[in-house]
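Trainee: Could you take me slowly through one part of this model, the place where the helices pack, and then show me the empty spaces too?

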Amino acid sequence: MTDTADGKITLAVPAVSDGTVETIAPDGTTMGVALPSTKSVAGVESAAGTIVYPDAAPSTDLSVQPTVDGAVRSLITLKDSKAPANQRFDLDLPAGSELVATADGGYEIVERIDADTSVAIGAIDAPWAKDAAGNDVPTTYRLEGSTLIQQIHVTSDTAFPVVADPRVSFGRGIYVKFNRSETASIAPYSDAASAVVAACQKVPNRVRNIPVRTICRGTLGASSQSVRKTFKDAASQNRCVQIRLPYAPIGVVIGWPEWKKVAC
């Protein structure tokens with residue numbers, strides 16, 4: 001029904017509820033999310049651009065809402081207690097990628113570059129749900145093969161309708177892990193700027209045509225003293241270091257770098 005573009009990311013929203021929402025990056029990378037419908041219902045577009053599929057499943061309305069940052073939200077409205085508590089989303093991930101659980105209950109979509117470097121090319125945000133009274137409704141994700149299942153834990157006290165909101169987006173960061181010997185080799189640098197240059201040598205020169213090594217030097221340079229201290233402290237504790245560089249497969253770099261000590 002609708003193709004919505006924000007900059008260089010394209011979101012293709014299906015005309016009917018049993019279709020697939022597709023996110024397309026400019027390099028051709030695609031990611032698909034099938035809606036948890038049980039019948040084919042034509043979508044209706046609102047003035048705000050949200051596509052609504054009424055009664056696409058028992059006592060359930062589905063909606064698809066493209067966001068300005070290139071993500072897509074799949075709003076689920078459970079209208080009464082007869083609505084399924086488990087909502088199933090079949091995922092079509094980019095070739096060579098996998099889902100990695102995050103501490104907040106969501107997932108990152110990760111592509112491995114080498115043994116120590118991975119690119120998080122997308123994310124499924126932590127699940128949430130609210131009832132008609134504005135109360136949080138407990139909800140969790142689990143995986144069955146390539147199917148993401150959101151379980152919404154309603155009770156006799158839950159006020160319907162309940163709205164849940166899975167959100168899938170492209171772009172997160174490049175993760176580089178330094179092993180013990182690499183951490184120890186960078187720790188002795190007395191000049192913070194030189195320590196940053198040495199650390200960034202481990203970063204791939206380019207990822208999907210983005211010059212990430214150059215970005216590494218530029219973004220870490222402003223905090224070089226903190227970066228050097230992290231390596232020094234990690235080496236003294238026989239630990240390792242992980243650096244995350246902001247990255248999105250849309251021709252731009254967003255966010256701020258992060259670095260921390262990690263277990264080896």
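Mentor: Here is the helix packing, followed by the empty spaces and two backbone details.

Before we start, this is a predicted model, where local features need pLDDT of at least 70, side-chain atom pairs count only at pLDDT 80 or more, and totals for chains, interfaces and linings use all residues. Residues are numbered from 1 along each chain as its sequence is written, and side-chain values use heavy atoms, with hydrogens and water left out.

Let's start at helix α2 (residues 192–200) (helices are DSSP runs of H or I with at least four residues, strands are runs of E with at least two, and both are numbered from the N terminus). Its axis and that of helix α4 (residues 224–236) come within 8 Å and cross at roughly 70°. Axes here are lines fitted to C-alpha atoms, for helices over the stretch in contact, and angles run from 0 to 180 degrees between N-to-C directions. So α2 and α4 are roughly perpendicular to each other (under 35 degrees counts as roughly parallel, over 145 as roughly antiparallel, 65 to 115 as roughly perpendicular and the rest as oblique). Their crossing is left-handed (the near helix is turned anticlockwise from the far one by less than a right angle; clockwise would be right-handed).

Who touches whom? On the α2 side you'll find Ala192, Ala193, Ala195, Val196 and Ala199, and they meet Ser224, Gln225, Val227, Arg228 and Phe231 in α4 (contact means heavy atoms within 4.5 Å). Sort that contact by class and you get seven nonpolar, two polar and one charged residues (Ala, Val, Leu, Ile, Met, Phe, Trp, Tyr, Cys and Pro count as nonpolar, Asp, Glu, Lys and Arg as charged, and the others, Gly among them, as polar).

Helix α2 also packs on helix α3 (residues 212–221): their axes come within 9 Å and cross at roughly 150°. That makes α2 roughly antiparallel to α3. This crossing is right-handed. Here Val196, Val197 and Cys200 of α2 meet Arg213, Cys216, Arg217, Leu220 and Gly221 of α3. That contact splits into five nonpolar, one polar and two charged residues.

Now for the empty spaces. The largest pocket holds about 240 Å³ of space. Of the 15 residues lining this pocket, Val100, Arg112, Ser118, Tyr175 and Gln242 are the closest to its centre. Strands β10 (97–101), β11 (107–112), β12 (117–124) and β17 each supply at least two residues of that lining. By class, the pocket lining has seven nonpolar, four polar and four charged residues. On a 1 Å grid over the protein atoms alone, a pocket is an open set of points with protein on both sides within 12 Å along at least five of seven lines, a cavity is a set where a 1.4 Å probe fits but cannot get out, and lining residues have an atom within 4 Å of a point. Points are joined across faces, edges and corners, and a volume is the space filled by probe spheres set on them.

As for cavities, the largest has about 80 Å³ of space. Its lining has nine nonpolar, one polar and one charged residues.

Finally, the backbone: a cis peptide bond joins Phe160 and Pro161, with omega about 5°. Asp55 has a positive phi of about 55° although it is not a glycine, and Asp55 lies in strand β6 (residues 51–57).
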